[in-house]
Amino acid sequence: MKIATFNVNGVKARLPELLDWLREAAPDVAALQEIKSVDEGFPREAVEDLGYHVETHGQKGFNGVALLSKRPFEEVRRGLPGDESDAQARWIEGVVIAEGEGEGKAVRVCGLYLPNGNPAPGPKFEYKLGWMDRLAARAREILAAEEIAVLAGDYNVIPQPEDAKRPDAWREDALFRPESRAAWRRLVHLGLTDAWRALRADPGYTFWDYQAGAWGRDDGIRIDHALLTPQAADRLRDCGVDRAARAREKPSDHAPMWVELAL
DNA sequence: ATGCCTAACACCGTTAGA
């Protein structure tokens, strides 16, 4: 089962590129971030025509997440628990039953768009760190359930210096500040596996700024991640970044990242 | 030290992204 995450930077502006990628990469499940659309504005029919079930959690103007799956969703939850006053659409999770011999295996897929947090310090940075605390709390519950689960999305965290072409340029940035990286480590150390870090030694950048020719110089950062519960990590077979999506004429500034689980 | 791009909203610029 192939599970992918893709920050599309506007699903309406990115529709042809999204559809081409879905056809070529053919993920079984895809988590989308920054759909920048309300639920009613999501181009649902075009995606359904490719054989996907669609679940959205959108808002007006910015943020917004969605889950796509070739198999129907058994259960969907919208919004990260822990703060009733949080109106930002950054979390959606669902369960799909993997195809296979005998009884199918249930896989929980959580799609997340972690706050950017700039400028730091400041209220946006505090929101980011608070959101990461709530993420850890939800991760603890998921780990306790001992499920096959994947937490995939735009984490807006550069975990380590080797995850940036120019780490010194990011030292003061909310994506790389010590507080953000410490919160990332607290999350992973609950018992999750960073799929890329587990399988690969090469950089695995997933974001290149539109500005200053970052893509042409491969001046990227690795901020889109898939974290796996032990039950999922046991089944991890492969992972990748679809760099071809970033090389297109009208790309998102992120490339899709995916994991393949043996199910 | 700042802008460099891009998308959305709603205007003919501002906010947000990272």
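**Cysteines and the DNA strand B surface**

Visitor: How many disulfides are there in this one?
Guide: The count comes to zero disulfides. Please note that this is a predicted model.

Visitor: Why does C110 not form a bond?
Guide: The closest cysteine sulfur to that of C110 belongs to C239 and lies 19 Å away, which is too far for a bond. The cut-off for a disulfide is a sulfur pair within 2.5 Å.

Visitor: And C239, how far is the nearest cysteine sulfur there?
Guide: C239 is in no disulfide either, since its nearest cysteine sulfur, in C110, is 19 Å away.

Visitor: Is C110 buried or exposed?
Guide: C110 counts as buried because its relative accessibility is 0%.

Visitor: What about C239, buried or exposed?
Guide: C239 is buried, with a relative accessible area of 2%.

Visitor: Changing topic: how many residues surround DNA strand B?
Guide: DNA strand B is surrounded by 23 residues, and the closest are E34, Y113, N116, L175 and Q211.

Visitor: How do the residues of that surface divide?
Guide: Near DNA strand B there are eight nonpolar, seven polar and eight charged residues.

Visitor: Which part of the strand faces the protein, then?
Guide: Among the atoms of DNA strand B within 4 Å of the protein, 73% belong to sugar or phosphate, and bases supply the rest.

Visitor: Y113 again: how far is its polar side-chain atom from a phosphate oxygen?
Guide: The distance for Y113 is 2.7 Å, to a phosphate oxygen of DNA strand B.

Visitor: And K60 and H254?
Guide: For K60, a polar side-chain atom lies 3.1 Å from a phosphate oxygen of DNA strand B. For H254, the corresponding distance to a phosphate oxygen of the strand is 3.4 Å.

Note on methods. Residues numbered from 1 in each chain as written. Chains lettered and ligands numbered in written order. Predicted model: local features only at pLDDT ≥ 70, side-chain atom pairs only at ≥ 80, totals over all residues. Heavy atoms only, no water. Near = heavy atom within 4 Å. Polar contact = N/O pair within 3.5 Å; in protein donor to acceptor, adjacent residues only side chain to side chain. Nonpolar A, V, L, I, M, F, W, Y, C, P; charged D, E, K, R; others polar. Buried < 20%, exposed > 50% of the residue type's maximum accessible area, 1.4 Å probe, protein only.
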